[in-house]
Amino acid sequence: MPIEIPKEKWTGKVRVVTLGATAAEGGTRTRVVTVGGQACMPFLHFEHPTPHPPVLAIEIKSRPPTDWSPILMETWGEAIRNPATWAAAAEAAGAEMFVLWLTLEDTPEEATQAVRAVLGASGLPLAVFGPGQAEKDNELLVAVAEAAKGERLLLGICEDKNYRTIVATALANGHLVSARSPMDVNLAKQLNILITDMGLPADRIIMDPTTGALGYGIEYGYSVMERLRLSALQGDSMTQFPMLVTVGFEAWKTKEAKVGEGVPASWGDWQQRAIDWEIGTAMTLIEAGADILVLRHPESVKRVKAAITELMTA
Amino acid sequence: MYIIGENIHIISEKVKEALANRDAEFFMDLAVRQVEAGAKAIDINLGPRKKDYAEVFPWIVQALESVVDVPLCIDTTNVEAMEAALQKITKAQPILNSTSAEPERLEKIPLLAKKYGAKMIALTMGSSGIPVEADARVEIAVGTIIPHLMEIDFPMENLIIDPLVLTTSGCQQYCPQLIEAVRMLKYAWDPPPMVSVGLSNVSNAVPTENRPLINRVYLAMLMGVGLEMMIANPFDQKQNEVIRWIESRDTSTPLARVYNKIAERIQEGEEPQPEDFDMNDPEQLAIWKTTQILLNKVIYADAYLTN
C-alpha cells in the first residue's frame, strides 16, 4: 500500500550567512563558510533539501588554557602553546573554521597578535570571542575588529550589555556578530531586533541561544532552539538566523567529562566517556537546528562530521 | 463588564507610602475616583501584613466604607487578615480574593466566605502550580474546587473562578490557553460560574509604554469568550472604550470595528485574519501584531511592534 508522507509547508526560511572573506572580497581567507538557508526542520530532505550542512568549528585559546581537562591537553599536546600551531593542528583535525577564545589576561595587543597569528597560520574563517565580561569583551574585540578589517570575522560575545559597541565595530570593519542571549526565546528575538535596528545587515548575524550539556539543561536549550527555528520557518524574520552553539565549552565542564576517578566503574573508560559526552551534546543540538558547533576534541569532530555526512545523504 | 478596581495595590510606591502614614484620605480618594471611573468593586491588596493585619484591615475597611458603597475585595494570602476585614464590613457583600485548589487554602477560605456570606475568587491552581493547558485548568475547577464547595454546601452563586492570566513576556504559551479556559469554564457548570481574571497580568514584565495595548487587545479576545468580570485599572480610558464598543456592538469607527472583529473571531473559535485590519493604519497594524503575540503565533520581544 502506498503511504503518503505528510509534508509541512513553511512560509519562511533561515537567512544564508557567509563567514570569512577571500582576497576578492577584501579579506585573506582561502575558504569561507556558508550556513543557513534551511526551509524545514533539520534533515527532512523530503520536505526541502538542506542547502548548507552544519559546520564544525574547533575552539582554540589565545594562551594555553589552565582549566581544561588533561584529556584535551594531552590530545593537543605542544600545539596548544601558541594559537598559530593550535590552529594548524585544528585544521589538520578537520575543523571547518576556528573559534579563537580570548582570555581575561589578554591585552588588546596580545589579542590582536593572537588573531593575526591564526589568520596567518590557516586560510579558514575565524570567529573571535571575548572572555565574556562585557567591558573586557569590548576592549579586546574593538582592537581585534580594527586589526582584521574586512575579514568577515564572527565577533562574540555580543549580548544585551555590550551589543552597541560590538555591532558598531562590526559595522565599521566589515565583520559579523554572534548574538548571545541566555536561553530565552523572547530575549533572543529582542537582541536580534536591537542589532538590526543599529543598521547591521541581517546576513551578518549569527545567534547563540546558549545551551547546556547533555544531562545539564540541554532539554531547555533544545526547546529554545526548536522554538526559534519553528518561528523562523513560520516567517518571523527576527528569528531567521543561523544558530551557533558552544558544545565543547558546555560538555567538557560536566562531571562525566571532567572526573576520571571516584566514579562508578559502570561509567566506563574516562576518555571515551568524555568524548562521547561532547558528541552526544553535539548530535542532540544538531537535531535542534544548530548550524555552527564549536567543539574541543578532534575525535568528536571526526565522528560528528561522519554523522552529519550520513544525515545529509539519508 | 464588572470591573474590580485594582489600584489599591501595595506594589505602588504611593500606596506603600500612604499606608505607612495611615493616610486614610489617600485611600478614600483613590476608592471614590475608581468608582466614579466605573469600578463596580474595589480590590484591597496591602499584602499579608502578618504583624499588623489586626489593625490595618479593619482600618482600611472603615475608611473605604465611609465613602463608597460598592463591594470590597479583600486581596491577601493571610486568612486571619481576611477575617479581620470581614468582621468590619457593614455595607455591600464582600469578595474574598482568593483561594486556590491547594488543600490548605481550600479547606479554610471557603468556610470563611460561607460564614460571612462573602463571594470568593478561586484560582485554578493546585499544589503543583499553574497548568499550561486550558482543560487542565478547567479540571482543577470542576474536579477539585467545585466538588469541595458542594461538600461544605457553599452557595455556588458566590463562586468566582479565576483561571489565571500569565504574561506574554515569558509565559506566552499560556495566553491562548487562558482564552480557551475562560470559554470552557462557561460550559463547566449549570448555571455557568462567574469567571474573573487579572487582566494586566498579561503584560507583566512588558515595557510600560506597551502594556495598555496588550491589555486592550487581550480584553477584546476575552470578551469574545464571554468574560464579564475582571480585576483591572478603571482609569484606563482606552480600555473602557473597547469595553463599550464591544458591549454595545458599536462599529461606527475603524478602531471600534477592529476590536469588535477580534472579539467576534475569538467567539467563533477563529483567529483574527490580516484582512480584518487596515495594515496601512499604524494603530491597526500594532493591534494585529499584538493579536499575533497573544495567540502565541509570533515570539514576543519587547520591541515586537517595531519589527
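**Group meeting talk: a first look at chains A and B**

Let me begin in the middle of chain A, with strand β6(A), where five of the five residues are buried, so this strand is largely enclosed by the rest of the structure. By buried I mean that 20 or more other C-beta atoms lie within 10 Å of the residue's own, while exposed means 12 or fewer and partly exposed means in between, with the C-beta atoms placed from the backbone. Strands here are DSSP runs of E with at least two residues, helices are runs of H or I with at least four, and both are numbered from the N terminus.

A word on the source before I go on. This is a predicted model, in which local features need pLDDT of at least 70 and side-chain atom pairs count only at pLDDT 80 or more, whereas totals for chains, interfaces and linings use all residues. Residues are numbered from 1 along each chain as its sequence is written, and chains are lettered from A and ligands numbered from 1 in the order in which they are written.

Staying with β6(A), three bridges join this strand to β7 (residues 176-180) of chain A, and the two run parallel; A:Leu154 stands opposite A:Leu176 in β7(A). Between these two strands the chain crosses through helix α5 (residues 163-173) of chain A, in a β-α-β crossover that is right-handed, which is to say that, with the strands pointing away from the viewer, the path from the first strand over the helix to the second runs clockwise.

On to β5 (residues 126-129) of chain A, which is joined to β6 (residues 154-158) of chain A by three bridges, again in parallel, with A:Gly156 in β6(A) as the bridge partner of A:Phe129. These two strands, together with helix α4 (residues 134-147) of chain A, make a right-handed β-α-β unit. Which way do the residues of β5(A) point? A:Leu126 and A:Val128 point one way, A:Ala127 and A:Phe129 point the other way, and all are buried. With strand β4 (residues 97-101) of chain A, β5(A) pairs in the parallel sense over four bridges, and the chain passes from β4(A) to β5(A) through helix α3 (residues 108-121) of chain A in a right-handed crossover.

These strands belong to an open sheet of eight strands with parallel pairing, in the order β8-β7-β6-β5-β4-β3-β10-β9 of chain A, where two strands pair if DSSP finds at least two bridges between them. Its edge strands are β8 (205-208) and β9 (244-245) of chain A, each of which pairs on one side only.

Turning to the core, nonpolar side chains tend to be buried together in soluble globular proteins. The largest nonpolar core has 193 residues, and those that touch the most other members include A:Phe98, A:Leu100, A:Val128 and A:Leu155; such a core is a set of buried Ala, Val, Leu, Ile, Met, Phe, Trp, Tyr and Cys residues joined through C-beta atoms within 7 Å. Leaving aside neighbours within four places in sequence, A:Phe98 is in contact with residues including A:Ala57, A:Val118 and A:Leu126, where contact means that the C-beta atoms, placed from the backbone, lie within 7 Å.

For chain A as a whole, the secondary structure comes to eleven helices and ten strands. Its radius of gyration is 19 Å, close to the 20 Å that the globule rule gives for 314 residues, so chain A is as compact as a globular protein of that length; the radius is taken over C-alpha atoms, and the rule is 2.2 Å times the number of residues to the power 0.38. Buried residues make up 48% of the 314 residues in chain A.

Finally, chain B. The contact between the chains takes ten residues from chain B and ten residues from chain A. Away from that topic, B:Asn296 sits in the segment after α11 (282-294) of chain B and counts as partly exposed, with 16 C-beta neighbours inside 10 Å. B:Asp23, in the loop between α1 (13-20) and α2 (24-36) of chain B, is also partly exposed, with 15 other C-beta atoms within 10 Å.

Definitions and conventions
Two residues are in contact if their C-beta atoms, placed from the backbone, lie within 7 Å.
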